[in-house]
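Trainee: Can we go through this one label by label? I'd like to hear what stands behind each word.

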Amino acid sequence: MSRSARKAFERAREHCAKGADLLDRGELDAAEREYVAATELIPEMRPAWFDLGLIAKRRRDWDRMFDYNARAASLPSESGEEDPAWWNLGIAATALGRWDEARNAWRRYGLEIPDGEGPIDASFGMAPVRLDPGGAGEVVWCDRLDPCRAVIKNVPLPESGHRWTDVVLHDGAPNGERTWEGRTFPVFDELERVADSGIPTLSATVESQDGSAIGELLQACIDQGLGAEDWATSVRIICTTCSEGSVDQRPDHEHEEVESHSVGFAGEEAAVSSTLETWVARNPDTRSFSDLVVAL
């Protein structure tokens, strides 16, 4: 390497170091200028292209994120398999609906992806996803369709702005964990909602002197194709630091002594009301509900 080439490389590294510091502080515009300067000096500066992709991801600029990670992935890497540039390229391709390229990116990362055309609809297991991570940050359980898309299986609180069976795009970097029945799951942050289910969210106050009756109600809703969530027992308000740490999800039966429950439902109001009335009719002396409203 010539003396001038070495100097250009050192200057490019300095730009990358400044860019990394600015990126950590959330100063995206300034960080972007540093990384662009690095690539102008050394077009093969892989870390600069990768971090430009991270900036584009934060901005939800999927076209640029795709281009930057495609450039990074095309350059030599010390990562071997599980190269994060391929992962982020998969996220960008998924967000853009470029399904063939998404499949290729996930495979290049090292994942087994089924053949097919159009959206990937596979079984990637359950995972907790943090909705609106910059806001309330409600964590819900989801069924993953592919490495970065998941269907919400809980009934989210109305203030989340999300609905039961919405499809969300999520990041791949874990940000906390949840333990359920001895098994630990990484928490992924939502990037954006990609499909609004349009299913109404309702809430009601449900009272029962028999703790097991609430479980009977939830099962009745499932049997009717409705969503149902006992918010009185499933929602825990915790600080951001705790949420991004390790949380043990306690099973609902630990809270069966609660008689008044705030319950969330997902479905048409008439169907929810009918299910509640049938549930009450089985034992009207010990069961009741009130304040059934459409919350979202």
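Mentor: Sure, starting with a hairpin: β2 and β3 form one, with four residues between them. One caveat up front: this is a predicted model, where local features need pLDDT of at least 70 and side-chain atom pairs count only at pLDDT 80 or more, while totals for chains, interfaces and linings use all residues. Residues are numbered from 1 along each chain as its sequence is written, and side-chain values use heavy atoms, with hydrogens and water left out.

Trainee: What makes β2 and β3 a pair?

Mentor: Strands are DSSP runs of E with at least two residues, helices are runs of H or I with at least four, and both are numbered from the N terminus. Two strands pair if DSSP finds at least two bridges between them. Strand β2 (residues 139–144) and β3 are joined by three bridges, so they pass, and they run antiparallel. One bridge partner is Ala 150 in β3, opposite Arg 144. Ala 150 also has a bridge partner in β4, Val 168.

Trainee: Why is Trp 87 called buried?

Mentor: Buried means under 20% relative accessible area, with exposed over 50% and partly exposed in between, using a 1.4 Å probe and protein chains only. Trp 87 has 14% relative accessibility, so it counts as buried. Tyr 109, at 15%, therefore gets that label too.

Trainee: And what makes Trp 87 and Tyr 109 an edge-to-face pair?

Mentor: Rings of Phe, Tyr and Trp (its six-membered ring) pair if their centres lie within 6.5 Å; planes under 30 degrees apart are stacked, over 60 edge-to-face, and the rest tilted. Here the centres are 4.9 Å apart and the planes make 70°, so both tests are met. Trp 87 sits in helix α5 (residues 84–96) and Tyr 109 in helix α6 (residues 99–109), 22 residues apart.

Trainee: How do you know that Trp 141 and Phe 185 are edge-to-face?

Mentor: Their ring centres are 5.0 Å apart and their planes stand at 90°, so the label holds. Trp 141 is in strand β2 and Phe 185 in strand β5 (residues 183–195), so the pair ties together parts 44 residues apart in sequence. Both residues are buried.

Trainee: Why is Arg 98 said to lie over the face of Phe 66?

Mentor: A charge sits over a ring if NZ of Lys or CZ of Arg is within 6 Å of the ring centre and within 35 degrees of the ring normal. Arg 98 lies over the face of Phe 66 at 3.8 Å from the ring centre, so the distance test is passed.
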